[in-house]
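Me: I have a structure open and would like to talk it through with you. Could we start with the overall picture and then go into single residues?

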Amino acid sequence: MIVLFLFISLFIGINIRTGVIVGVIALAIFLTYLFIKQSKKIAFIMLFTSLLGVGLSFIRPTFTKERYRLLVTEVKDNYYIGSSSFEKLYVYEKEHDHEIGDVLLITGYKKELDFVTLESEFDFKNYLNSKGVYSELEIKKLEVKFKNPIRLYAFKQNFLKRFDENTQGIVGSILFGSGKESEINDLSRELHLARLISSSGVYLYFLYSLFKKLLGLAIKKEKIVDLLSLFLFVPYLIFTFPKFIVIKFFVLAILRYINNYFLKKKYSYIQIVSFTGILFLLLDYHLALQDGFILTYFIPILTFFINSSFRFKKEFVKSLFLTLLNSVSFIPFSIKYYSEISLFSVPLFFLVSPIYLFIFLLSFLSLLGIPLQIFICNLVKVLNSSLKFISPVLVKIYISPLNPLSFLLFEIIFLLFIYYLSIRLRPMKNLTVSVLLFIFLLHFLPIKNMIRDYVSFINVGQGDSTLIKYKQYSILIDTGGNKYKDIAKEVLIPYFKKNQIYHIDMLITTHDDFDHSGAAPSLIENFTVKEYIKDYQKFPLNVGGLILTNYNVYPELWSEENDESLVISFKINNFNYLIMGDAPKKIETAIKKDNEYIPCDILKVGHHGSKTSTSEAWIKYLHPTVGIISCGKNNFYGHPHNEVLAVLKKYKVKIRRTDIESTITF
C-alpha cells in the first residue's frame, strides 16, 4: 500500500497547478489517515513526494547555442521532436524522411513555441509542454550524422497507402495510435469511442491473449508460453514506439512475469502497477501532465479497489459492475475532451468494440504480409455506415468544463465512494454520493446562463464572431470563416457546447465577406439556428427585450462589400456595445454626422484594426473605454495597423486583442 500511495502522491504533486497545491497536499494527508489509519510514515511520504513533484514541475533546462546535435525521439508527418543536451526540442520540417533514432546536426536558432490556436481547438503548445517540449528549433542548415537503418516510419506510411483514405485513418489509429483525419475517426471521436477504446488498452490485452492462446495449443508449460508471448509482442512495441500505453503494457507484463516465476508472486498486481508508475515518473515527470498516463493508471487502480472490495457470484455481473463504475470515473474525462456526456457511449462501446478488435486483428495480419486489404476496407465501410446511422439518435448533454480542482475532487471522492460502499458504511457512502452529484449538477445545470448575461468575442482567427447571451436567448453576430478548416464545426459549436448553448435564436452577419459569414452555411447545417438576419432593413431588432440597432443606413454610399457592413449597437448590464464589422471611415463619418451622440463603452474595432477604419475623429466622437480587435495571429494583412493602435492609445482606450488573449468575454 505504501508503494501505491507513493505513486499517487508523486503524481498529484507533479500534476496539480500552483494555486491548489496546498489544499491538495492537506487533502492527501487527510485521506491517508482516512483510508488506512496506519502511521505517520505514509502521511510524510505523501507530503514529501507532493512537494518534490511540485519542485520538479518548475525545473526547465535552458541552453543557448547555434549548433544542436539532435537525437530524434518522435516523428510525425510535418514535424519531429528530438533531444539535445537533455532538452527536448520541436522541429518543423514539411515532408521530411527522418526516423526515430536518427542523429541530426542542426545549425539554427531556438525560440519559444508559438502556434495559432483558435477557440476550442486542440492546444498544440500545451500538448508539447506536457511532453516537456518548451522550445522550437528553427533550421538554417541540417546535416544527418547518423541514419537509423530501420526505417519504421516510412514502412508504416507505405503500408497505410495500400488502403483508401477513410480506412487509412482508422487502421493507423488502431495499429499505430496515430491515424490521419478521416470520416470514421471523426465519428469515433464524436461518439466518444476513440478515447474509451485507446485508454482501455483492449487491443493490447486482445493481442497478448491471442499469442498466449495460440502458443498454449502447442506448449503446455505456462512459463514458456508467457515468455514467448512477450517476445512475440516486441515487434508491435517497436512499430508503435513511443506510444506510452504500449510501453507501459509491455513493462508491466515483464514485471509480472518476473514476479510470478522468479519472486513467487511476492508482490500484488497493484504494487507492480504502482512501481511502474513511479518508474515512469522518475524517468519523465512530464508524463503526469498527459491524459494518456492518467487514464492508463486510473483505470487499473479503480479496478483494484473494486476487485479487493466486492465479491461477485457471477462473472457477468462483475464485468457489468466494473463497466458501470469505470464509465462514471470517465465522466470528467468526457467533459474535458468533448464538453458533453454521451449517455449511450459505453453500451455502444460494447456493441462495436468487437468490430474494432476484428479490424485490429486483420490489420495486424496484413502488416505481417497477409493480403487482407479488401476485407479490411469492407469491414471499415460497415463500421462507418453503422456509426453514421447511430450518431444522430444518441442523446448528448452539454457540460461546462471542469477546473483542475473539480476534476481531481471528483475522482478522489469517487474512490472514497467505492471504499465506503465496500465496507457498507452507509452515512459516508451517502455523503460521497451527494458530493459527487453536487459537483456534477454544478457543471451540468446551465447556472451561468441563468444568472448572468454576457458578451463573448470569439477567437476565430482572422475574422469576426460575437456571441450575445441575454436571458434565455443566444444571438450570434458573424461566424468567421476559414478556407482551410470548418470554423463552425471546429470552433463555434464546441464553444457553444462548453457554454451549454443548445441553439442560436438569431444569427446576424454584418456583410458577406468570407471572414464574417463564411461559416454560416455549415453552422446552419450542423447546429440549430432559428433565425438568420443579414438585411439592414430588418433593424431595429427586439430579442426578448434586448434592442439591437443598426446605424449603417446609407445604401447610396455602398460601392463595395465593406461599405454594406452593419454597425450594430446594444446595451447589456449597463455597458453599451458597438459592433463595427468592416465599416470603413466614410460610413463612420456619415453615422457621426447624423447622430449627435452614440453611447459606446466597448467598441468592436472596425475591420480587424485596419487603417481603412477607426479614424481619430470617430474615436474622439465615441470615446470608448475598451477597444476589441479580432484578428488572426501573425496575419497576412498586418492587422492591427500601427496607425489604429496609436489612435486608440492617444484617447486612452484599453486595447484587447483575440490574437493575444483568445476569446474575450464581458
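**Overview and details**

Reply: The protein chain has 27 helices and 20 strands, and what you are looking at is a predicted model.

Me: Ok, and what percentage of the residues in the protein chain count as buried?
Reply: Of the 666 residues in the protein chain, 52% count as buried. As for the surface, the protein chain exposes about 32400 Å², and carbon and sulfur atoms supply 61% of that area.

Me: What about contacts between residues that are at least 24 apart in sequence?
Reply: If you take the contacts between residues at least 6 apart in sequence, 69% of them join residues at least 24 apart.

Me: Switching to helix packing, at what angle do α6 and α17 pack?
Reply: Helix α6, which covers residues 165–176, and helix α17, which covers residues 373–390, pack at an angle of about 90°, and their axes are 10 Å apart. Angles of 65 to 115 degrees count as roughly perpendicular, and α6 and α17 are therefore roughly perpendicular to each other.

Me: Which residues meet there, between α6 and α17?
Reply: From α6 the residues are Asn166, Thr167, Ile170 and Val171, and they meet Ile376, Cys377, Val380 and Asn384 in α17.

Me: Staying with α17 for a moment, what does Lys388 touch?
Reply: Lys388 is placed in helix α17, and, leaving aside neighbours within four places in sequence, Lys388 is in contact with Glu183 and Leu187. The C-alpha atoms of Lys388 and Ile184 are 8.7 Å apart in space, although the two residues are 204 apart in sequence.

Me: And Glu183, what does it form with Lys388?
Reply: Glu183 forms a salt bridge with Lys388, in which the closest N and O atoms are 3.3 Å apart. Glu183 lies in helix α7 (residues 183–190) and Lys388 in helix α17, so this pair ties together parts that are 205 residues apart in sequence.

Me: Are those two buried or exposed, or in between?
Reply: Both fall in between, since partly exposed is the class between under 20% and over 50% relative accessible area. Glu183 is partly exposed at 37%, and Lys388 is partly exposed at 44%.

Me: How many salt bridges does the structure hold?
Reply: The structure holds 18 salt bridges. One of them joins the side chains of Asp464 and Lys604, with 2.9 Å from N to O. Asp464 lies in the loop between β8 (454–457) and β9 (466–470), while Lys604 lies in strand β17 (residues 602–604), so the pair ties together parts that are 140 residues apart in sequence.

Me: Buried or exposed, for Asp464 and Lys604?
Reply: Asp464 and Lys604 are both buried.

Me: What about Asp505 and Lys530, how do their side chains meet?
Reply: The side chains of Asp505 and Lys530 meet in a salt bridge, at 3.8 Å from N to O. The pair links distant parts of the chain, 25 residues apart, with Asp505 in the loop between α21 (487–498) and β11 (506–508) and Lys530 in the loop between α23 (520–526) and β12 (532–533). Asp505 counts as buried, at 12% relative accessibility, whereas Lys530 counts as exposed, at 55%.

Me: Different topic: which residues form the nonpolar patch on the surface?
Reply: That patch is formed by Ile254, Ile258, Phe262, Leu263 and Tyr267, which together have about 440 Å² of accessible area. Tyr267 is found in the loop between α11 (244–261) and α12 (269–283), and at 38% relative accessibility Tyr267 counts as partly exposed.

Me: I also wanted to look at Ser334. Where does it lie?
Reply: Ser334 lies in helix α15, residues 331–338, and Ser334 counts as buried because its relative accessibility is 8%, the limit for buried being under 20%. Not counting residues up to four places away in sequence, Ser334 touches His192, Ser339 and Glu340. Ser334 and Pro401 are 67 residues apart in sequence, with 9.8 Å between their C-alpha atoms.

Me: Last one, where is Pro347?
Reply: Pro347 lies in helix α16, residues 345–367, and is partly exposed, with a relative accessible area of 43%. The C-alpha atoms of Pro347 and Ser327, which are 20 residues apart along the chain, are separated by 9.9 Å.

Technical notes: Residues are numbered from 1 along each chain as its sequence is written. This is a predicted model: local features need pLDDT of at least 70, side-chain atom pairs count only at pLDDT 80 or more; totals for chains, interfaces and linings use all residues. Side-chain values use heavy atoms; hydrogens and water are left out. Patches are made of residues with over 30% relative accessible area and no salt bridge: like charges are joined within 9 Å, nonpolar side chains (Val, Leu, Ile, Met, Phe, Trp, Tyr) within 5 Å. Accessible areas come from the Shrake-Rupley method with a 1.4 Å probe; for residues, only the protein chains shown count as cover. A salt bridge is a side-chain nitrogen of Lys or Arg within 4 Å of a carboxyl oxygen of Asp or Glu. Helices (H or I, at least four residues) and strands (E, at least two) are DSSP runs, numbered from the N terminus. Buried means under 20% relative accessible area, exposed over 50%, partly exposed in between (1.4 Å probe, protein chains only). Axes are lines fitted to C-alpha atoms, for helices over the stretch in contact, and angles run from 0 to 180 degrees between N-to-C directions. Angles under 35 degrees count as roughly parallel, over 145 as roughly antiparallel, 65 to 115 as roughly perpendicular and the rest as oblique. Contact means heavy atoms within 4.5 Å.
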